[in-house]
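Please find below some comments on the model you sent round, set out as numbered points. They deal with one group of strands and with one pair of helices.

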Amino acid sequence: MKNNGWLSKIIRRIRIAHKINTLIVSFVISIFAFFLLFYNGQNSLKNVAVDKTTQVIDSTERVKIKIATHLIATVLSEGIIDNKITNTDSLYNYFTIRLKNLNYEEDKSGYFFIYKGTTCFYITVNKSLEGQDLGGLADVNGIQFVNKLATEAKNGGGFVDYHFEKPGKGIVEKISYAEMINGTDYWIGTGTYLDNLKIVTDDINNTIISNSSSIMKSIIISLLVLLLIVITISLNTKKSIIKPINKIIEDTDNIALGKLNEVSHDKDDEIKLITDSLNNMTNNLKKTVDFAKNIGNNNFDVDFEKISDHDVLGESLINMRDSLKEAKMAEQERANEEKKRNWAINGISNIGEILRNNQHNINTLTDTVLSEIISYVKMNQGGIFLMSNKSSEMLELSSSFAFDRKKFINKTIEIGEGLVGTCAIEKQTVYMTSIPDNYINITSGLGGANPRSLIIIPMLADDKLLGVIELASFNNLEKHEIDFLEKIAQDIAATISSAQITIRTADLLKQSKIQAEELASQEEEMRQNMEELQATNEEWQRKEQQLYNKIEQLEEQLEKQLQ
């Protein structure tokens with residue numbers, strides 16, 4: 001209190017003009033402090049936006065090269081298996097045809113390379129590396145990136161960060177991803193240079209700086225106008241304005257310090273206009289701060305209205321929110337697609353294991369695989385019809401499941417009869433939704449239920465019909481589920497075809513063995529007969545000789561008598 005009294009005495013001794021000048025100086029200092037705080041806030045917001053965008057783009061680049069590598073590896077693997085490529089030269093020519101034009105990125109700096117271990121087998125660029133063992137090749141930090149990529153590929157696929165020379169740009173940072181080509185001992189990889197990421201972040205940084213400069217100019221102009229108004233009012237009103245201005249300065253200092261509280265003024269005069277303007281600015285700043293916090297917390301659905309058509313800060317924040325929201329949605333979509341792919345891959349793996357373990361018995365195979373399909377795709381009931389051994393125009397129900405229970409049903413369907421017969425003759429998938437009551441009892445091979453969706457898939461092996469799969473569900477199927485079922489139907493058909501061939505071969509071998517045994521028995525019997533015949537023949541020869549001897553004796557006796 002003593003200090004305040006002493007200060008009041010000094011202030012009272014100062015002339016009004018000096019007080020007004022002092023007030024103006026204080027107000028200018030307050031404006032400058034507010035400007036600095038706002039400028040620092042803008043820089044912080046800019047850094048947050050750049051960091052968030054950099055993280056999103058880096059994650060996007062990693063997902064991009066991973067998906068691209070996996071897809072190319074899958075296509076190459078299927079092509080090698082389908083074309084039965086084993087010769088090294090044929091394999092190199094196949095890789096060349098598939099990869100030579102697969103350069104991506106705007107500057108065509110993205111390319112693929114294939115290694116066997118740490119030996120370069122094929123590369124789109126720099127052909128001199130082919131045939132060289134690059135396991136000891138290291139970047140400027142001593143990272144043996146080829147060796148690491150080979151290890152990541154063997155472990156199921158992974159990323160490696162290192163430095164590498166980019167044509168025309170020198171040594172820059174790079175991210176690469178590698179994974180094995182299934183069915184071979186080769187691995188494929190690709191990568192992206194991070195200087196592209198730096199270009200994007202620099203563009204964002206420059207845009208924010210440009211927008212911030214415009215905002216700062218607007219604020220400076222507004223504050224200069226406000227300062228002119230204050231000076232004019234101060235000079236005209238003198239004593240009556242000193243106290244309100246001191247109060248305004250105090251409140252403005254609080255705003256400059258980040259305390260966004262409303263300013264109060266109990267008189268309805270010109271000062272009231274200033275306080276209303278400050279309150280309006282404070283409220284707008286509060287809204288802007290809240291909106292920026294929501295963006296920082298990844299809450300991109302919050303609404304925000306610009307103060308006016310000239311609200312550059314609001315426009316910049318809205319644009320940043322929309323960009324981050326689109327990036328988040330794109331990332332979610334990629335995650336969903338990856339989830340669907342993984343779901344299909346796992347399902348194909350599970351079904352493949354069942355098919356490999358049950359090739360000796362077709363009935364066991366169809367029962368086991370149908371149960372797994374119904375469980376994995378969350379169907380309610382299903383059946384597998386196979387071509388009849390008795391008639392080429394007839395399908396027989398091999399396996400039937402409903403609500404996780406095997407149904408023992410004997411059923412045959414003629415080719416062309418109902419939905420199952422139509423699917424068999426047209427060799428095309430039939431998918432129906434919103435099935436009317438009792439409709440399935442008339443046209444379906446299952447009967448006894450009224451599902452929401454019905455899918456009937458032909459099982460084809462080299463365009464030869466081996467049977468039909470019929471599945472029903474209380475839920476509609478998504479496209480990736482239908483694609484999965486069609487792929488599984490082909491695998492089942494191939495396995496059944498192989499199993500049938502194996503069974504027929506076994507039957508033929510069994511029949512051949514029986515026939516061989518019968519032939520051996522017949523040969524033994526014939527041998528015995530030959531021995532008996534030989535013995536009989538010898539006996540006849542002996543008797544014939546005896547008879548011949550008697551004839552000679554009689555002839556000699558007759559000759560003696562005639563003499």
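**Notes on strand pairing and a helix contact**

1. Leu386 has Glu396, in S7, as its bridge partner. This pairing, like everything else in this note, is read from a predicted model, and it belongs to the antiparallel pairing of S6 (residues 381–387) with S7 (residues 394–402), which extends over seven bridges.

2. The connection between these two strands is a hairpin, in which six residues lead from S6 to S7.

3. S6 also pairs with S12 (residues 464–473), again in the antiparallel sense, and here six bridges join the two strands. Within this pairing, Phe385 is bridged to Val468 of S12.

4. Is S6 mostly covered or mostly uncovered? The strand is mostly covered, since six of its seven residues are buried.

5. Turning to the helices, the axes of H9 (residues 362–376) and H12 (residues 479–562) come within 11 Å and cross at roughly 170°. An angle over 145 degrees counts as roughly antiparallel, and H9 is therefore roughly antiparallel to H12.

6. Which residues make the contact between the two helices? From H9 they are Ile362, Leu365, Thr366, Val369, Ile373 and Tyr376, and these meet Phe484, Leu485, Ile488, Ile492, Thr495, Ile496, Ala499, Gln500 and Ile503 of H12. Taken by class, the residues of this contact comprise 12 nonpolar and three polar ones, with no charged residue among them.

Methods: Residues numbered from 1 in each chain as written. Predicted model: local features only at pLDDT ≥ 70, side-chain atom pairs only at ≥ 80, totals over all residues. Heavy atoms only, no water. Axes fitted to C-alpha atoms, helices over the stretch in contact; angles between N-to-C directions. Helix = DSSP H or I, 4+ residues; strand = E, 2+ residues; numbered from the N terminus. Parallel < 35°, antiparallel > 145°, perpendicular 65-115°, else oblique. Contact = heavy atoms within 4.5 Å. Nonpolar A, V, L, I, M, F, W, Y, C, P; charged D, E, K, R; others polar. Buried < 20%, exposed > 50% of the residue type's maximum accessible area, 1.4 Å probe, protein only. Pairing = 2+ DSSP bridges.
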